[in-house]
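Thank you all for coming. I would like to walk you through one model, and I will go slowly for those who are new to reading structures.

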Amino acid sequence: MNGALKYGLLFIGLLLLQVLILNNILFLGFINPYLYIYFILILPSSVNKDITLLLGFCLGLMVDIFCGSIGCHAFATTLLAYLKPHFQKVFGPREDYETVTPSFRTFGMKEFLQYTIILVFIHQLAYFFAEAFTFTGFFQTLLKAICCAIFTILFIYIIEKLKYKR
Amino acid sequence: MRSLIRFLLKYKTLFFFLFLEILSLVMIVNYNQFQRVHFLSSSNIVVGSLYNLTSKVSNYLSLSSVNQALVEENAELKFQNEKLNFQLDRMRYDTSYVKRNDFAEDKHFIFRTARVVHSFTNMKNNYLTIDKGECDGIQKGMGVINEKGVVGIVCDVSCHFSVVIPILNSRARINAKITGKSNVGTVLWTGHDVRYAKLKEVPQYIPVELGDTVKSSANTAVFPEDVMIGTITEIERLNNDFYLIDVKLSVDFSNIKYVDVIEFRHKDELEQLERKEDSK
């Protein structure tokens, strides 16, 4: 119960942080970190896959409602939530797989970064192509996705670093 | 039957995943058709009030730049005031001048100032939410400007909030003309850069130069004539006898706090009259 409460607060906190602050950064006019997906990335593997999917969809839809881009974030985040357990299996520790919570400490720094980079890139590509809804201007969309992904990964890296500073 | 159920249960996560993805795609497509689901838009009361609160905070923080803009506008108004006073003085001597301009007394446009509660500028289809709605007399299709120039057109209204499609939306089409020329073109946005838009449908037989200004035309009765849109920064000749012109927008969309919504008082009358002519 304690865990559920913690993740509930994290859900709301990251959502508000995303829509009220991070969406307004617009570095160089278009680059925003999409930090809210950090919530999906660090969900423990003990959480049921269907629930992970549902959480991903809801989180994406919430961000969508605030951004006026209905469906785009939901699409990308659902994809992320679907792929997350698979990649967790690949990069996570072999033993006690059932209860691991992804982080620098449990995965190891290199593995966690690989896990983050792959998932964030997939999410950003899905989001930007869902938003453009066309392949015209392919390279411009690709560039946007890559820039935002790098920014997002940087933010996640900093947060993980700070978490283990203490 | 039992094996079918077993099959479904085995892949239930996959099916759930596909269901959610299809649901989001349906939402994207429907939303793109402009049939905005009202409770999912930022004119809904929860999202609207939350943005209202945060914009109050950020408005406080940006008071100095707002102040600067007000000072500039004030100076401009003082200048106009001087000019008008001068004209008025002249008219006192020339009474026939006043008579001739009598019809100018009748105001065609009403301006309502609204605060921008939230704006998106990082997407392909951007929106602005403002804190005035139907209850304040705002209707769909009204033009929106600020002190720098044309902002956009109202596309959705609730009682206390409205959503505006700015020029920075790939669906926005705004009639424009180049200063000094009577021909009309269309300003639209192709995405990507928030500072530039394109001007299309200007025929190549008119001379166009870099640095010319682009202003709203009076064709559609949405904007008053001669509201600034931007300046020309690049001209390309297409092989279909039209120009493709890059316009640097005069409005800074990344920092927009207050706008004026324009009501054209005789719009219905004008439309009715034109329709009558058309049907003849």
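**A walk through two chains**

Let me begin with a small check on helix H1 of chain A, which covers residues 2-21: at 1.5 Å a residue its 20 residues should span 28 Å, and because the C-alpha atoms at its ends are 28 Å apart, the expectation and the model agree. Please keep in mind throughout that this is a predicted model. As for its surroundings, H1(A) is hardly covered, since the count of buried residues among its 20 residues is 2.

Staying in chain A, I turn to a pair of helices. Two packed helices are described by the angle between their axes and the distance between the axes. Helix H4 of chain A, residues 72-91, packs against helix H6 of chain A, residues 109-132, at an angle of about 155°, and their axes are 9 Å apart. That angle is over 145 degrees, and therefore H4(A) counts as roughly antiparallel to H6(A). The crossing of these two helices, H4(A) and H6(A), is right-handed. On the side of H4(A), the residues that meet H6(A) include Phe75(A), Leu79(A), Leu83(A) and Phe87(A), while Tyr115(A), Ile118(A), Ile122(A) and Ala126(A) are among those that H6(A) brings.

Next, a single residue. Where does Val100(A) lie? Val100(A) is found in the loop between H4 and helix H5 of chain A, the latter being residues 104-107. Why do we call Val100(A) partly exposed? With 16 other C-beta atoms within 10 Å, Val100(A) falls between the limit for buried residues, 20 or more, and the limit for exposed ones, 12 or fewer. Although Val100(A) and Ser46(A) are 54 residues apart in sequence, their C-alpha atoms are 7.3 Å apart in space. If we leave aside the neighbours within four places in sequence, the contacts of Val100(A) are Pro44(A), Ser45(A), Gly92(A), Pro93(A) and Thr106(A).

Now let us move to chain B. Here 6 strands close into a barrel, in the order E1-E2-E5-E4-E3-E12, with antiparallel pairing. On average, and ignoring direction, neighbouring strands of this sheet are turned by 45° against each other.

Strand E4 of chain B, residues 149-157, is a good place to look more carefully, and E4(B) is mostly covered, with 8 of its 9 residues buried. E4(B) pairs in the antiparallel sense with strand E3 of chain B, residues 143-146, over 4 bridges, and a hairpin through 2 residues joins E3(B) to E4(B). Within this pairing, Ile145(B) stands opposite Val150(B) in E4(B). E4(B) also pairs with strand E5 of chain B, residues 162-166, again in the antiparallel sense and over 5 bridges; there the hairpin that joins E4(B) to E5(B) runs through 4 residues, and Val154(B) has Val164(B) in E5(B) as its bridge partner.

Finally, how do the chains meet? The contact takes 28 residues from chain B and 28 residues from chain A. On the side of chain B that touches chain A, the elements giving two or more residues are helix H2, residues 12-32, and helix H3, residues 45-61, of chain B, and H2(B) gives the most, with 11 residues.

Terms used. Residues numbered from 1 in each chain as written. Chains lettered and ligands numbered in written order. Predicted model: local features only at pLDDT ≥ 70, side-chain atom pairs only at ≥ 80, totals over all residues. Expected span 1.5 Å × (residues − 1). Pairing = 2+ DSSP bridges. Axes fitted to C-alpha atoms, helices over the stretch in contact; angles between N-to-C directions. Parallel < 35°, antiparallel > 145°, perpendicular 65-115°, else oblique. Left-handed = near helix turned anticlockwise from the far one by under 90°. Contact = placed C-beta atoms within 7 Å.
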